[in-house]
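Please open the model in a viewer and keep the sequence panel visible. The tour below proceeds selection by selection.

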Amino acid sequence: MSDQVCKACKRIIEGKECAVCKSGDLTRSWKGTLIVYDTDSGLAKSAGQAVPGKYAMHIV
Ligand SMILES: [Zn+2]
């Protein structure tokens, strides 16, 4: 389990900083995974995600 979640944008990433917002504020505890393929979808918009990728649904 090398994946971590960026606390700023909830993106699930590998490595030590978020590729999107460059935040190094990460966590390994989250629940649920939201995969965004189409940023124009209602689901992605309601979740506030502007970049396709994998996101955590809830940071715990
Ligand atoms: Zn981020």
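Two strands are taken to pair if DSSP finds at least two bridges between them. The model on screen is predicted.

**First selection: strands β1 and β2.** Select residues 3-6, which form strand β1. Three bridges connect β1 to β2, and the two strands run antiparallel. Within this pairing, D3 lies opposite E14 of β2, and Q4 lies opposite I13 of β2. The two strands make a hairpin with five residues between them. Display K10 in the turn, where phi is positive, at about 70°.

**Second selection: the whole sheet.** Add β3 (26-27) to the display. Two bridges link β1 to β3, again in an antiparallel arrangement, and C6 stands opposite L26 of β3. Together, three strands give an open sheet in the order β2-β1-β3, with antiparallel pairing. Because β2 (12-14) and β3 (26-27) each have a single partner strand, they stand at the edges, and one side of each is left without a neighbour in the sheet. Now return to β1 and show its side chains: which residues cover its two faces? D3 and V5 are on one side, Q4 and C6 are on the other, and all are buried.

**Third selection: the zinc ion.** Select the zinc ion and the SG atoms of C6, C9, C18 and C21, which coordinate the zinc ion at 2.3 Å. The angles among the four donor atoms are 99 to 126°, and the site is tetrahedral. Along the chain, the donors follow the spacing C-x2-C-x8-C-x2-C. A search for disulfides across the whole structure finds zero.

**Fourth selection: the cysteines one by one.** Are C18 and C21 buried or partly exposed? C18 has 0% relative accessibility and therefore counts as buried. C21, at 35% relative accessibility, counts as partly exposed. C9 has 19% relative accessibility; since buried means under 20%, C9 counts as buried.

**Fifth selection: the core.** Select C6, C9, I13, C18 and L26, the five residues of the largest nonpolar core. Three of these names, C6, C9 and C18, have already appeared among the zinc donors. I13 is the residue opposite Q4, and L26 is the residue opposite C6. Finally, centre the view on C18. Which residues does C18 contact, leaving aside its neighbours within four places in sequence? The contacts are C6, C9, R11, I13 and S23.

Key:
Residues numbered from 1 in each chain as written. Predicted model: local features only at pLDDT ≥ 70, side-chain atom pairs only at ≥ 80, totals over all residues. Heavy atoms only, no water. Donors = N, O, S within 2.8 Å, 3.2 Å for Na, K, Ca; no water. Tetrahedral: all angles 85-135°; square planar, octahedral: opposite > 155°, others 65-115°. Buried < 20%, exposed > 50% of the residue type's maximum accessible area, 1.4 Å probe, protein only. Core = buried A, V, L, I, M, F, W, Y, C linked by side-chain atoms within 4.5 Å. Contact = heavy atoms within 4.5 Å. Helix = DSSP H or I, 4+ residues; strand = E, 2+ residues; numbered from the N terminus. Disulfide = S-S within 2.5 Å.
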